[in-house]
Amino acid sequence: MSKSKKRLIYPVLYGLALTGFTAYALLDTFVIARNLDDTAQQNEVDTSSLFSSFHDSSSSDEGSQDVGAGSEEDQQDEATESEGLSEDDTSTEGQEDEDSEQTPSAVSTENSYSDENITITVEEYREYDTTIYVADIVVSSPEYIKAAFAEGTYGRNIKEKTSEIAEEVGAILAINGDFYGAQSEGYVLRNGVVYRDESSGNEDLAILTDGSFYIFNEDDVTADELVSMGAWQVLSFGPALLEDGSISVDSSDEVGKAMASNPRTAIVCYDTLHYAFVVSDGRTDESEGLSLYELAEFIQSLGANTAYNLDGGGSSTMYFDGEVINNPTTSGNRIKERSVSDIVYIGY
């Protein structure tokens, strides 16, 4: 091959190599990265779509624009001039509005909390020689009934105190959960995500995205079927205390080897979007504790429709406004929080 032809081939080969490298870089940057991002998004639970029926449908109307009113920049300039605000002032005001939307303004007292989505009132009762704490809860959507794991991690024998988990997730109100980590079977479905789908034949509670409570046996419904039904939380301890307003236990029912009178924790539904957390003291000189039947009888007297028993004994803890408000007992009758696997809480 002549030297002149070689001189022509080298620039052509260089140009082809440069073109190929540029095409690969573009593919890697825009296509591959986008595919990975799409895969990650598919694995996340879209909370907004799960609970869309509870959000204000008028928001789209408020966000619509008047096409005939001029450009967006013209409208912004006119608004700024009429208000006498500088461009920096307008920017700051917009940021404040955004922050206020993300964090609703709240009103708190010693025993209550209220904002635009959540209302909580805590009352103390004295029944069966026992102090019982009832947190009445009204929410605008069941998405505010959340669950959290100890150390933010799903797994066996990972434990923290209820108050520690609650502080980590910014809970307004929290109770201990079902201590799933002490078991190798039983459904674990939290915040719309299935973590464990092996049946233990237990009687569970599902909190659905329509706000209702559903009591079921794990052998009758698969975890995938629960997801299809709209399960938001599934708690596996039990038993059910109330169904359709009727007591589901009798005076001889008990949990495993538990004593007849115990500290107790229960979650309650009065109606859609109206709930309660109930925790009792026990095992102390001041509070004897409750049997399952006494707990069910007390909750029925409140006018509840459905109630479900959660882990009790030394686990029973209620946290509100940054403090533990009951008297948890573990290691005998000492007042001390037990470390647990998980909590159920109200918050953002």
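Which residues is Ile267 in contact with, leaving aside its neighbours within four places in sequence?

**View 1. Ile267 and its contacts in the predicted model.** Leaving aside neighbours within four places in sequence, Ile267 is in contact with Leu205, Ile207, Phe213, Leu235, Ala276, Phe277, Thr306, Ala307, Tyr308, Leu310 and Val344. The largest nonpolar core has 31 residues, and Ile267 is one of the four that touch the most other members, along with Ile120, Leu173 and Phe277. Strand 4 gives the largest share of this core, four residues. Another core, of 18 residues, lies apart from it and includes Leu242, Val249, Val278 and Phe298.

**View 2. An open sheet of nine strands.** The strands follow the order 1-2-3-4-16-15-17-13-14, and their pairing is antiparallel. Strand 1 (107-109) and strand 14 (246-247) stand at the edges. Each of these two has a single partner strand, so one side of each is left without a neighbour in the sheet. Within the sheet, strand 13 (residues 240-243) and strand 17 (residues 306-309) run antiparallel and are joined by two bridges. Ala240 has Tyr308, in strand 17, as its bridge partner.

**View 3. Helix 8 lies across strands of the sheet.** The strands that helix 8 lies across are strand 3 (118-127), strand 4 (130-139), strand 13, strand 14, strand 15 (264-271), strand 16 (274-280) and strand 17. Helix 8 runs at about 30° to strand 13. Helix 8 covers residues 292-301, and Leu292, Leu295, Ala296, Phe298 and Ile299 in it are buried. Seen down the helix axis, these buried residues fall within an arc of 165°, so they line one face of helix 8. A general rule helps in reading this view: an α-helix has 3.6 residues a turn, so residues three or four places apart point the same way. Of the buried residues, Phe298 also belongs to the core of 18 residues. After helix 8 comes Gly303, whose phi is positive, near 90°.

**View 4. Aromatic rings around Tyr154 and Tyr180.** Eleven aromatic pairs are counted in the model. In one of them, the ring centres of Tyr154 and Tyr180 are 5.3 Å apart and the planes are at 10°, so the pair is stacked. Tyr154 lies in the loop between strand 5 (145-149) and strand 6 (160-161), while Tyr180 lies in the loop between strand 7 (173-176) and strand 8 (188-190). The pair therefore ties together parts that are 26 residues apart in sequence. Tyr154 is partly exposed, with a relative accessible area of 30%, whereas Tyr180 is buried, at 3%. Ring pairs link these two with Phe149 and Tyr195 into a cluster.

**View 5. Tyr214 and Phe216, a stacked pair.** The two rings are 5.5 Å apart, centre to centre, with 15° between the planes. Tyr214 is partly exposed, with a relative accessible area of 27%. Phe216 has 5% relative accessibility and counts as buried.

**View 6. Ser280 in strand 16.** Is Ser280 buried or exposed? With 1% relative accessibility, Ser280 counts as buried. Leaving aside neighbours within four places in sequence, the residues in contact with Ser280 are Thr130, Thr131, Ile132, Asn262, Pro263, Arg264, Leu290 and Ser316. Thr265 and Ser280 are 15 residues apart in sequence, and their C-alpha atoms are 6.7 Å apart in space.

Notes:
Residues are numbered from 1 along each chain as its sequence is written. This is a predicted model: local features need pLDDT of at least 70, side-chain atom pairs count only at pLDDT 80 or more; totals for chains, interfaces and linings use all residues. Side-chain values use heavy atoms; hydrogens and water are left out. Buried means under 20% relative accessible area, exposed over 50%, partly exposed in between (1.4 Å probe, protein chains only). The arc is that of the directions from the helix axis to the C-beta atoms. Two strands pair if DSSP finds at least two bridges between them. Contact means heavy atoms within 4.5 Å. Axes are lines fitted to C-alpha atoms, for helices over the stretch in contact, and angles run from 0 to 180 degrees between N-to-C directions. Rings of Phe, Tyr and Trp (its six-membered ring) pair if their centres lie within 6.5 Å; planes under 30 degrees apart count as stacked, over 60 as edge-to-face and the rest as tilted. A nonpolar core is a set of buried Ala, Val, Leu, Ile, Met, Phe, Trp, Tyr and Cys residues joined through side-chain atoms within 4.5 Å.
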